[in-house]
Amino acid sequence: MKMKKRWLNVLSALTLTTLALTGCGSSGSSANNAAPANGGGSGGDGGKGSITIATVNNPDMMIMKKLSPEFEKETGIKVNWVVLPENDLRKKVTEDVALGAGKFDIVTVGMYDTPIWAKNKWLEPLTPYLDKMSADEKAKYDLNDIFPALRDALSYNNQLYAAPFNAESSILYYNKDMLAKAGVTMPENPTWDQVAEIAKKVKAANNVPGIVLRGLPGWGEILAPLDTVINAFGGSWYDMNWNAKLNSPETVKAVKFYVDLLKEAGEPGATSTGFTEALTLMQQGKAAMWYDATTAAGFLNDPKNSKVAGKIGYALAPKEVKDNNGWLWSWALGMESSSKHKEEAFKFITWATSKQYIEEVGEKEGWVVAPAGTRKSTYENPKYKQAAPFADITLQSMEHADYKHPTKDPVPYQGIQYVAIPEFQQLGTEVSQEIAAAIAGQKTVEDAMNTAQQKAEKVAQEGGYKK
């Protein structure tokens, strides 16, 4: 009962937060990018042989939707889609699973959500369904081909609750021609100070933003890259006693660095820039560098959609006082406990996360955009390795990302770009709004982080984490 009440409070706050975001215009990007909701809301009661999937509007998922008629043809199962920007997806799906509404049979969830939702019994465990597969089906799906760290992060009590569709760390992208024009070179493992100096020089030489960084509010938007910067500078969200550390000198220094870098060398209107907007700027040759997800590499190198294909260089996630700062994330497919079509949903999940699906994307859409980061076999495939010059740095980044030990000093939580507690979805969103206000010049970084500190301290106390 206590957990249910806690989540109802979180959902209520999320609704208010979304309204607030809409009111200040920061969700305008989200609204503009919302894909039509085919069958949205009719969801899991759409009839036998019909499933509804809620997913995020990134390029990998758009390819999955494009290829889904192949699944329908093979199985006779009709697939309805609800495709939303990341912030909107989180709110809508969290509401649906928490209230047991059953609008969706399959939901796109991340590493943060999966174990928490599994504990709340909002997701159906996949392990019993995997165990029931025939020997041939098990061999074809090859669960052990999926990287162990992902299976571990998407499990709860030794049961797999979501299957990884794609997975990523974070790296620095740079336009080699623009850096050459500025007469600078990028180290393979740069510091953030080096990145900032290079960003200013390439901006001056090319008359484009020297670097693109997410500024869109949302814990899965701006906080994804910014939290890795905080970790690199030696900051954290909490210490081992759950004392909030958001206004510590290390954390404030990191946030101030990020805000100043955006002002001096970043894109204008940064508080409207999320992953999708940043990808577009980089693909169109309208920015010199970008620090973000490794999953973007394929789309930057896809000549069908990118003007900079073949011109991109790569560097490891920048360091400062701490090295090895790439994040670890997976968009995964989970089955709602309240789904009325679990067998059909399981068939789709195993179809979309299989080696055969990756092969299909490679052959039909190009190997450079094949879903990466989930299976060892992808990095052993000569066709993928030939098409993806970023395969080695992606694999290196993912293998070194340690979501159980994310910071310079020990912390009581897991998660590199998030804090794995239920309250973080609301807390992270509110803190991200404070930081966005600092980026917009509405308050100082110090004022923003003092407010953030109070919010984080309140969560630690009211959540019972701080003894």
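In this predicted model, helix 18 lies across strand 8 and strand 10, and its direction makes an angle of about 20 degrees with strand 10. Helix 18 covers residues 391–400, with Glu399 among them. The side of the chain at Glu399 is open to the outside: this residue has a relative accessible area of 55%, above the 50% cut-off, and therefore counts as exposed. Glu399 also offers a view of how distant parts of the sequence are brought together, as its C-alpha atom is separated by 9.3 Å from that of Phe147, a residue 252 positions away along the chain.

The strands beneath this helix belong to a small group that is worth a closer look. Three strands make up an open sheet, arranged in the order 9-8-10 with antiparallel pairing. Strand 9 (289–293) and strand 10 (312–316) are the edge strands; each has a single partner, so one side of each lacks a neighbour in the sheet. From one strand to the next, the twist averages 30 degrees. Strand 8 (residues 170–175) and strand 10 run antiparallel and are joined by five bridges, and Tyr174 is found opposite Gly313 of strand 10. A further helix, helix 13 (residues 275–283), lies across strand 8, strand 9 and strand 10, and runs at about 140 degrees to strand 9.

Elsewhere, helix 15 (residues 342–352) gives a clear case of enclosure. Nine of its eleven residues are buried, so the helix is largely enclosed by the rest of the structure. The buried residues include Phe346, Phe348, Ile349 and Trp351, together with Lys342 and Glu344.

Helix 4 (residues 86–99) invites a check of its geometry. At 1.5 Å a residue, its 14 residues should span 20 Å, and the C-alpha atoms at its ends are indeed 20 Å apart, so the two values agree. Among the buried residues of helix 4 are Leu89, Val93 and Val97, as well as Glu86, Arg90 and Asp96. Just after this helix comes Gly100, which adopts a positive phi of about 65 degrees.

These elements sit within a protein chain that contains 20 helices and eleven strands. Of its 467 residues, 60% count as buried. The chain exposes about 18,200 Å², and 50% of that area is supplied by carbon and sulfur atoms. Among contacts between residues at least 6 apart in sequence, 76% join residues at least 24 apart.

Conventions. Residues are numbered from 1 along each chain as its sequence is written. This is a predicted model: local features need pLDDT of at least 70, side-chain atom pairs count only at pLDDT 80 or more; totals for chains, interfaces and linings use all residues. Side-chain values use heavy atoms; hydrogens and water are left out. Helices (H or I, at least four residues) and strands (E, at least two) are DSSP runs, numbered from the N terminus. Buried means under 20% relative accessible area, exposed over 50%, partly exposed in between (1.4 Å probe, protein chains only). Contact means heavy atoms within 4.5 Å. Accessible areas come from the Shrake-Rupley method with a 1.4 Å probe; for residues, only the protein chains shown count as cover. The expected span of a helix is 1.5 Å times one less than its number of residues. Two strands pair if DSSP finds at least two bridges between them. Axes are lines fitted to C-alpha atoms, for helices over the stretch in contact, and angles run from 0 to 180 degrees between N-to-C directions.
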